[in-house]
Amino acid sequence: MPTLTAQGITKRYGATQALRGVGLSVEAGEIFGIIGPDGAGKTSLFRILATLIVPDAGSATVAGLDIVKNYKQIRNIVGYMPGKFSLYQDLTVEENLRFFASVFRTTIEENYDLIGDIYRQIEPFSGRRAGALSGGMKQKLALCCALIHKPSVLLLDEPTTGIDPVSRQDLWEMLRKLSGEGITTLVSTPYMDEATLCNRIALMKEGLFMDTDTPQGIVRKFGERLWAVSTGKMGRLLGDLRAWPGIGSCFAFGDRYHVTTVNTDPRQELHAYLSGKGHAEIVITEITPTIEDCYMKTAGS
């Protein structure tokens, strides 16, 4: 039986339709990622599953419990980490952790084995107020507070936004360990590279899941050859590429443009076209699609 389920979840805030019939099924111990930009509806879905708000339509369960009828029981088995830091900034690290432990009638000592790997990194600052911590330390403290009552389900809304690369790596290592211990994790992120760290992902846009699969499955569905193009005149290149009759799609990726084309191998024809437009230092290389490429293609289709 899946640990998390949702069917036809919709949510509206006035004229804004945040969720448009979202459905999912997450197995025990799975790390399920929701990938999408700000405004996609990720936070609304998390707040519904955490029983903080109710959907306008649809249904959902957590560990077999209905989110509306059984919200009190669900809150005892869910660890929720909102996107915005929401701990008590005037309390110290240790005071925050002890407070959240007491809410669930437990102690730091009782569940230290669950949080130890990550808490040891902030334990030297246990006497520092939470508001004075760095972004990475705040997220580690928030994760410890979400875990202190030994939940069976974790809901992590953009836990790595705004933190340094080392802290991001530490957090994902912790999630993998928790997955091995049977804890089910639903995590959202705007960072496409983090998608590969999940067992399965859903690509989300404007309140809808566009596709759900393993990261490898999403990439396999790309279905076209992809090319990276650069020249010595990058400022003009985008317009010239999109004006070429043989172009399929074209998006900026760092210092190159990723393109698909009508022809299977466009290198000679495209090189000649760009040369005719006055471009030099032309580089056209076939590349493997990433999750970000797949998202851009799916969102634009």
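## Helix H10 across the sheet

In this predicted model, helix H10, made of residues 291-300, lies across three strands, namely strand E3 (31-35), strand E9 (200-205) and E10. The direction of H10 runs at about 40 degrees to that of E9.

## The sheet and its edges

The strands that H10 lies across belong to an open sheet of six strands, whose order is E6-E7-E8-E3-E9-E10 and whose pairing is mixed. Strand E6 (78-81) and strand E10 (208-213) each have a single partner strand and stand at the edges, so one side of each is left without a neighbour in the sheet. From one strand to the next, the twist averages 15 degrees.

Within this sheet, strand E7 (residues 153-157) and strand E8 (residues 184-189) run parallel and are joined by five bridges. Val 153 is the residue that stands opposite Thr 184 in E8. Helix H5, which covers residues 135-147, also packs on the sheet, where it touches E6 and E7, and its direction makes about 160 degrees with that of E6.

## Helix H5 beside helix H6

Besides packing on the sheet, H5 packs with helix H6 (residues 165-180) at an angle of about 15 degrees, and the axes of the two helices are 10 Å apart. That angle falls under 35 degrees, which makes H5 roughly parallel to H6. The crossing of these two helices is right-handed.

On the H5 side, the contact is made by Gly 136, Lys 140, Leu 143 and Leu 147, while H6 contributes Ser 167, Asp 170, Leu 171, Met 174 and Leu 178. Sorted by class, this contact of H5 with H6 has five nonpolar, two polar and two charged residues.

## Helix H4 and its buried residues

Helix H4 (residues 112-122) has a set of buried residues, which are Leu 114, Ile 115, Gly 116, Ile 118, Tyr 119 and Ile 122. The buried residues of H4 pack against three helices, namely helix H3 (93-103), H5 and H6.

The axes of H4 and H6 cross at roughly 170 degrees and come within 11 Å. Because this angle is over 145 degrees, H4 is roughly antiparallel to H6. In this pair, Asp 113, Leu 114, Ile 115, Asp 117, Ile 118 and Gln 121 of H4 meet Asp 170, Met 174, Lys 177 and Leu 178 of H6. By class, the contact of H4 with H6 has five nonpolar, one polar and four charged residues. Asp 170, Met 174 and Leu 178 of H6 take part both in the contact with H5 and in the contact with H4.

Definitions and conventions: Residues are numbered from 1 along each chain as its sequence is written. This is a predicted model: local features need pLDDT of at least 70, side-chain atom pairs count only at pLDDT 80 or more; totals for chains, interfaces and linings use all residues. Side-chain values use heavy atoms; hydrogens and water are left out. Two strands pair if DSSP finds at least two bridges between them. Helices (H or I, at least four residues) and strands (E, at least two) are DSSP runs, numbered from the N terminus. Axes are lines fitted to C-alpha atoms, for helices over the stretch in contact, and angles run from 0 to 180 degrees between N-to-C directions. Contact means heavy atoms within 4.5 Å. Angles under 35 degrees count as roughly parallel, over 145 as roughly antiparallel, 65 to 115 as roughly perpendicular and the rest as oblique. A crossing is left-handed if the near helix is turned anticlockwise from the far one by less than a right angle, and right-handed if clockwise. Ala, Val, Leu, Ile, Met, Phe, Trp, Tyr, Cys and Pro count as nonpolar, Asp, Glu, Lys and Arg as charged, and the others, Gly among them, as polar. Buried means under 20% relative accessible area, exposed over 50%, partly exposed in between (1.4 Å probe, protein chains only).
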